Amino acid sequence: LLVFVGTATVIGYRVYYLQDVLGVPVERIGDVVFTALLLSTAATLIAAPVFGRLSDRTGSRKALVAVSAGVVAASHLAIALVGSLPAFYVVSFVAGIAVGCYVAVDLALVTDVLPGSATAGKDMGVFHLANVLPQLLVPAVAPLVLGLGGGEAYELLFALAAGLGLLGALAILPVRSVR
């Protein structure tokens, strides 16, 4: 939940950030977002099977999930600090790699620690809610944060997203060993 709050924040508010902070003209927003999405999606599609295979071979799911969630969180903060479109694109690509690792390995970790097959459907339903609930929560809370932020409203919003994502990375630590 915490990792995806950050992701939902950046995805939901990047258009406004690009316009208000980086000064991208309205007529170029679609192209800029498409390019960033293309870079992050390509990175995710490449990273997911690579890191999924690595976690299968090494059995090191917890570490990969924690590190990739930390990199995802760092990318949210980096988005707030970039001052140019090329830097925005680089951060989008790096975030895509981290998201690819996170989604592949986190899902494997979750299936490894399910309490039993009798409740697997319910348990996976809870996991799914944690992934989609941020898409409902962020639009309800983000305007309040933006209203408090003054001139650095987006920096505050993305820093909070990064902080929550970092808490999500740390939340993996108590998970019991699966191998």
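Buried means under 20% relative accessible area, exposed means over 50%, and partly exposed is what falls in between (1.4 Å probe, protein chains only). The model here is predicted, so local features need pLDDT of at least 70 and side-chain atom pairs count only at pLDDT 80 or more, while totals for chains, interfaces and linings use all residues. Residues are numbered from 1 along each chain as its sequence is written, and side-chain values use heavy atoms, with hydrogens and water left out.

Three salt bridges turn up in the structure, a salt bridge being a side-chain nitrogen of Lys or Arg within 4 Å of a carboxyl oxygen of Asp or Glu. One of them pairs Lys122 with Asp123 at 2.9 Å, N to O. Lys122 is exposed, because its relative accessible area is 53%, whereas Asp123 comes out as buried at 15%.

Arg61 joins Asp56 in a salt bridge at 3.0 Å, N to O, and Asp112 in another at 2.5 Å, N to O. That second pair ties together distant parts of the chain, with Asp112 in helix H4 (residues 85-112) and Arg61 in helix H3 (residues 61-81), 51 residues apart. Helices are DSSP runs (H or I, at least four residues), as strands are (E, at least two), numbered from the N terminus. Asp56, Arg61 and Asp112 thus sit in a network of salt bridges. Within this trio, Arg61 is buried because its relative accessibility is just 4%, while Asp56 is partly exposed at 48% and so is Asp112 at 30%.
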